[in-house]
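Got your viewer open? Load the model below and follow along, one selection at a time.

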There are 2 protein chains.
Amino acid sequence: MRLMEEMVIKLRNKLAEFGVQKGSSILIAYSGGKDSSVLLDFLSVLNNELEMQLGVAYINHNLRGNESIEEESFVRNNVIANYNLPLYVKVAQSGSLESQKGESVESAARKLRYDFFKEIVEKYNYKYIATAHNFNDRIETFFINILRGGGSETLNSIPAVNGKIIRPLLDITREEIENYIHTNHISFIEDSSNQTNLYKRNIIRHDIVPALHTVSSNMVSSFETVFKHIDEDTDYIKSCAEVAFKEIIRFKWGNVTGIDRIAFNTLHPAIRSRVIKKLFDVYGEISGLNQGLINALVTQNRIKLVKGRLYIESKGKFLWFYKVNNKIDITCTIDTIPFKNELYHIDVCDTGYDYYPVFNSLFFPLTIETINENDEIMLAKGRTNIVKRLGERGIPKNIALQGCIIRDSNKTIVVYCCGPFFEAVNKSDKTSLYYLKTISSNTGLQTSVQYT
Amino acid sequence: MRLMEEMVIKLRNKLAEFGVQKGSSILIAYSGGKDSSVLLDFLSVLNNELEMQLGVAYINHNLRGNESIEEESFVRNNVIANYNLPLYVKVAQSGSLESQKGESVESAARKLRYDFFKEIVEKYNYKYIATAHNFNDRIETFFINILRGGGSETLNSIPAVNGKIIRPLLDITREEIENYIHTNHISFIEDSSNQTNLYKRNIIRHDIVPALHTVSSNMVSSFETVFKHIDEDTDYIKSCAEVAFKEIIRFKWGNVTGIDRIAFNTLHPAIRSRVIKKLFDVYGEISGLNQGLINALVTQNRIKLVKGRLYIESKGKFLWFYKVNNKIDITCTIDTIPFKNELYHIDVCDTGYDYYPVFNSLFFPLTIETINENDEIMLAKGRTNIVKRLGERGIPKNIALQGCIIRDSNKTIVVYCCGPFFEAVNKSDKTSLYYLKTISSNTGLQTSVQYT
């Protein structure tokens, strides 16, 4: 009985830790299995006191014919008759889990669940989604990620809070859950999701964890301590990596990121791998990120790699990350310039030190276009290929071709820019700023980091 | 056969990684068991090529009567007849392992072994000690330290190199060792050390690791990756903690360390716990260092703790770490001062702003003594108790009593100092520095960090 009280205190504290307040609305992710039955019961009991708005979401994965029908009927009866709570049921189409390409059934089922929860939460305005992950799930996931060769972050990878999701049972062991079920005569059914494709997890659950328990009766509190250490360490490294990430970025332009190669190479390996991971995250890529790649980025002088839709290229002191298929393709026009502009009419302008190109007038409207390979601009030193000129500044061709030009209706190019690099036939500040601003507002790109 | 070659390449690379050069002398820690028999054979074979000076050290733990005698005779025969190498044997006194207080038999045996290796290495001038720890030992130690609730550092805690100790087999699995034994017909005996008090390790070895292997056939390479991540992370955090450690120390005086409490409290928990561990290491204490203590240091306003011989005390903006039983107890005399000193003869000295105390002359010799509780110094504002005055500066009484005074033979105290805090009846710089220097050279303590 003392144990039961301890567990209830732990659960209350967890809710307080999550900031769950009187009157909060919580959607309970319910499978009918032991864990979520305890979660449902506990939150219902606490409801007398906290006056929460509880609801229950259930997915019938429809994997086992008649059994699935019985399961759903148990759930409906239990939630409505025993707990008198609103129930949201989704019946998965038969075979929907098998049809996903390149995904395990387990992860397809997870996606289905969370999509459904999200839908209900948005429709009925729930503040939280409570799931029934427990402490043993954490230990099992620890082993699964060890066997995947995961980084430290993955060793304690079920967070107690993640957006709207809260996990009140995360510090409760399966033994405590069994105990709660026994003491409070909780009804449950064998969780069908536990039967699907859980070969690895079952060996860990039924062989490895019990064996560890025979080695040490303090196993649970030892894991608690280990998880705490891991969390502290990874949180610290993460915060350092975020600082480093900002420090090494020298160029940001749409889908292009240019990082300082020397600064990157001198990062500690622990930080370097996380900075790279963050870059991959920015580009939504997860494949191809491994130690071999990171080593290549550090040790190889000339790099040109394609990972999914992400290009990585070294040039000069930069390491570039970009997508070519996100080329800016906005064309818009500038009908007039709202102030006197030297570019309206330019004659030979020999100052004795430098000269500007000879052309007599700009023909409006001007247009903003993306740079083409053969585009040339007439600068002080003469006619210059823009892609080549950007290349001299360390910008690879693929990225240069994501830059913009402004061209008059006589096809004369008067401005080009690519990220922080900007050049015009006339650099009168007012005019330059006007052009950059116009390009920015028409392309959504940041253009004014630095002038060259 | 391909596997054998792979293993030999791995081993060669390991030796190269350790910097083992042609002609190096290596003492092989040999038990007669499988692991060290493979180590012995491999190094002997390689010897044709590397022309090393090999020797073999063996301890007869003398735990099992006749069996121990047979074991020793096998070892003597094998090392001398088969390998023709010098053999150093130590026969442990019967019962010597059980007699150690507060130690497990395993760790007592380890101490005995390493003491013996050290003795032989020093006597016969070996450059390296090679031990036969293998990759499975790393995995097993990982689990043992998980079950101890260890920090990240302990999860990969068998270093490949540690001082003179090298571990060439550290990346070789037990399976590869078995394979080597089989292929090369290596003689061995069942390692007696494997039979002693290894209950925990045996469950891990025979139940848990094989179960993990059934879950993932890539277990070994997964662990390699996990260990690499852990090493990188802990190495990074360690280097950050070393920087932080230096930054928060404001006071260092013999066995006294004063750290900046605000700076300490704002450290990230991951760094804070390591800084505290480093402080405990400095004082040679290992007991009492736990999360509860660290929390107390951060959250409690007034702290006075004793951990072993280490005192921890908060006062003002300092957190003090010290040993009281390391009180400075040096008494020495100063017969003369090698330059004109205002303290030779001081009259009333009223500058209109301040005054110095009235005494007519110093009586040589002066003596350096430790501060006593009732010691007083005559300063501008009058007669002052020194311990109280140090207390006002945030120095606890126990630490103040580790400070020094200089007293003349008429019992007048003219100087006191405790770490960076220094005060004299006359602060003429030349005199102050002379006194500090004299105290330093006579007590071995750093005295001149700052004046007050």
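## First stop: the largest cavity

Select helix 6 (152-155) and helix 9 (219-248) in chain A, then helix 6 (152-155) and helix 9 (219-248) in chain B: each of these four supplies at least two residues to the lining of the largest cavity. Keep in mind as you go that this is a predicted model.

Which helix gives the most to that lining? Helix 9 of chain B does, with three residues. To see the whole lining, show side chains for S152(A), L155(A), I230(A) and D233(A), then add S152(B), L155(B), I230(B), D233(B) and T234(B). Color them by type and you get four nonpolar, three polar and two charged residues. The space inside comes to about 70 Å³. The structure holds three cavities of 30 Å³ or more. If you're wondering how such gaps are found, rolling a probe the size of a water molecule over the atoms shows where empty space is left.

## Zoom out to chain A

Now select chain A, which has 15 helices and 20 strands. Of its 452 residues, 51% are buried. Look at the contacts in chain A with a separation of 6 or more: 70% of them join residues 24 or more positions apart.

## Helix 2 of chain A

Next, pick residues 34-50 of chain A, which form helix 2. Its 17 residues should span 24 Å at 1.5 Å a residue, and the end C-alpha atoms sit 23 Å apart, which agrees. How many of the 17 residues are buried? Twelve are, and the helix is mostly covered. Highlight S36(A), S37(A), V38(A), L39(A), L40(A), D41(A), F42(A), L43(A), S44(A), L46(A), N47(A) and L50(A) to see the buried set. Then step on to E51(A), which follows the helix and has a positive phi, near 45°.

## Helix 3 of chain B

Switch chains and select residues 66-82 of chain B, helix 3. This one has 17 residues and reaches 23 Å from first C-alpha to last, close to the 24 Å expected. Its buried residues are S68(B), E71(B), E72(B), F74(B), V75(B), N78(B) and V79(B). Turn the view so you look down the axis: the buried residues of helix 3 of chain B fall within an arc of 155°, so they line one face of the helix.

What covers them? Among the covering elements of chain B are strand 1 (25-30), helix 2 (34-50), strand 2 (53-60) and strand 3 (87-91). Now spin to the face turned away from the buried side, where you'll find the exposed residues N66(B), I69(B), E70(B) and A81(B). Following the helix is N84(B), with a positive phi near 55°.

## Helix 12 of chain B

Stay in chain B and select residues 291-299, helix 12. L293(B), I294(B), A296(B) and L297(B) are its buried residues. They cover an arc of only 160° around the axis, which puts them on the same side of helix 12 of chain B. Their cover includes helix 10 (261-265), helix 11 (269-282), strand 9 (304-307), strand 10 (310-315) and strand 11 (318-322) of chain B.

## Backbone oddities

Most residues other than glycine have a negative phi, and most peptide bonds are trans. The next few selections go the other way.

Start with N84(A), which has a positive phi of about 55° although it is not a glycine. You'll find N84(A) in the loop between helix 3 (66-82) and strand 3 (87-91) of chain A. Buried or exposed? N84(A) is exposed, with a relative accessible area of 65%.

Then jump to H185(A), another residue other than glycine with a positive phi, near 50°. H185(A) is in the loop between helix 7 (174-184) and helix 8 (199-215) of chain A, and at 68% relative accessibility it counts as exposed.

Last, select F364(A) and P365(A), which are joined by a cis peptide bond with omega about 0°. P365(A) belongs to the loop between strand 14 (355-356) and strand 15 (366-370) of chain A. F364(A) counts as partly exposed at 23% relative accessibility. Draw a distance from the C-alpha of F364(A) to that of I337(A): the two are 27 residues apart along the chain and separated by 9.3 Å. In chain B, look for a cis peptide bond between F364(B) and P365(B), with omega about 0°. P365(B) sits in the loop between strand 14 (355-356) and strand 15 (366-370) of chain B.

Notes. Residues numbered from 1 in each chain as written. Chains lettered and ligands numbered in written order. Predicted model: local features only at pLDDT ≥ 70, side-chain atom pairs only at ≥ 80, totals over all residues. Heavy atoms only, no water. Expected span 1.5 Å × (residues − 1). Buried < 20%, exposed > 50% of the residue type's maximum accessible area, 1.4 Å probe, protein only. Arc of directions from axis to C-beta. Contact = heavy atoms within 4.5 Å. 1 Å grid on protein atoms, 1.4 Å probe; cavity = no way out; pocket = protein on both sides within 12 Å on 5 of 7 lines; lining within 4 Å. Points joined across faces, edges and corners; volume = space filled by probe spheres on them. Nonpolar A, V, L, I, M, F, W, Y, C, P; charged D, E, K, R; others polar.
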